[in-house]
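Here are some notes to read alongside the model. They go point by point, so dip in wherever you like.

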Amino acid sequence: MKKITFDSSRCVACHACTIACIDQNDTSVEEGQEALRRAGSLEIREESGHTRFAFFSSACRHCEDAPCIMACPVGCLGKSEETGMTIYDNTNCIGCKSCGMACPFGAPRYRPGDGKMVKCDGCYIRQAYGMEPACVRACAFGALKIL
């Protein structure tokens, strides 16, 4: 089973992973759709009075025992046998948001307009052709890796 790993010590919050995700998934930001991967920074004030920054990149964690899969009443979610990624087919999605409520990381998103669920699928089709997920490929600093 493969995982997309994140090394915060290498991240500079350049958002290349987010842009690659938007491009790969044809996300329509103009229509209010959200990227499936988010990057950013947190300002942390230490007891000494100094401020430091922590950078992050987050998306679906592709949990081994993914609660979103069990929560979907119409079976839209499952595991890719090849990659172990949590994938979806939202053809039958009824927009009930059960998967979103079950996910402790808020990975499922709901498209404006039709209200159907979308989420990071680990670019499992790219992986099937021997390519890295778009976010991993775009990360110039090596903060994201597929292992």
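1. A word on terms before the details: buried means under 20% relative accessible area, exposed means over 50%, and partly exposed is anything in between. Arginine 111 has a relative accessible area of 26%, so it goes down as partly exposed. Keep in mind throughout that this is a predicted model.

2. Staying with that residue, arginine 111 makes a salt bridge through its side chain to aspartate 114, at 2.4 Å from N to O. The partner is partly exposed too, because aspartate 114 comes out at 41% relative accessibility.

3. How many salt bridges does a search of the whole structure find? The count is four. Another of them pairs arginine 52 with glutamate 46, where the closest N and O atoms are 2.8 Å apart. On the accessibility scale, arginine 52 sits at 41% and so counts as partly exposed. Glutamate 46, with a relative accessible area of 32%, is partly exposed as well.

4. Now look at glutamate 34 and arginine 38, whose side chains meet in a salt bridge of 2.3 Å, N to O. Which residues are linked with them in a network of salt bridges? The network consists of Glu34, Arg38 and Arg109. Glutamate 34 is partly exposed, since its relative accessible area is 44%. Arginine 38 also lands in the partly exposed class because its relative accessibility is 37%.

5. Next, serine 57, which you will find in strand S3. Is serine 57 buried or exposed? Its relative accessibility is just 8%, so serine 57 counts as buried. Its side chain has a polar contact with the side chain of arginine 37, at 2.8 Å. If you skip neighbours within four places in sequence, serine 57 is in contact with Phe6, Cys17, Arg37, Arg38, Ala39 and Leu144. Two of those names turn up elsewhere in this note: Arg38 belongs to the salt-bridge network, and Cys17 is one of the buried residues of helix H1.

6. That brings us to helix H1, which covers residues 16–24. Its buried residues are Cys17, Thr18, Ala20, Cys21 and Ile22. When you scan that list, remember that an α-helix has 3.6 residues a turn, so residues three or four places apart point the same way. What do the buried residues of H1 pack against? Their partners are strand S2 (38–45), strand S3 (51–58), helix H5 (134–138) and strand S8 (144–146). After H1 comes aspartate 26, which has a positive phi, near 50 degrees.

7. For a surface feature, go to Ile125, Tyr129 and Met131. Together they form a nonpolar patch with about 370 Å² of accessible area. Of these, isoleucine 125 lies in helix H4, which spans residues 124–128.

8. Finally, the start of the chain. Methionine 1 is in the segment before strand S1 (4–6), and at a relative accessible area of 57% it is exposed. What does methionine 1 touch, not counting residues up to four places away in sequence? The residues are Glu64, Thr83, Gly84 and Leu147. With leucine 147, the C-alpha atoms are 8.4 Å apart, although 146 residues separate the pair along the chain.

How values were computed. Residues are numbered from 1 along each chain as its sequence is written. This is a predicted model: local features need pLDDT of at least 70, side-chain atom pairs count only at pLDDT 80 or more; totals for chains, interfaces and linings use all residues. Side-chain values use heavy atoms; hydrogens and water are left out. Patches are made of residues with over 30% relative accessible area and no salt bridge: like charges are joined within 9 Å, nonpolar side chains (Val, Leu, Ile, Met, Phe, Trp, Tyr) within 5 Å. Accessible areas come from the Shrake-Rupley method with a 1.4 Å probe; for residues, only the protein chains shown count as cover. Helices (H or I, at least four residues) and strands (E, at least two) are DSSP runs, numbered from the N terminus. Buried means under 20% relative accessible area, exposed over 50%, partly exposed in between (1.4 Å probe, protein chains only). Contact means heavy atoms within 4.5 Å. A polar contact is a pair of N or O atoms within 3.5 Å; within protein, one must be able to donate a hydrogen and the other to accept it, and residues adjacent in sequence count only if both atoms are side-chain atoms.
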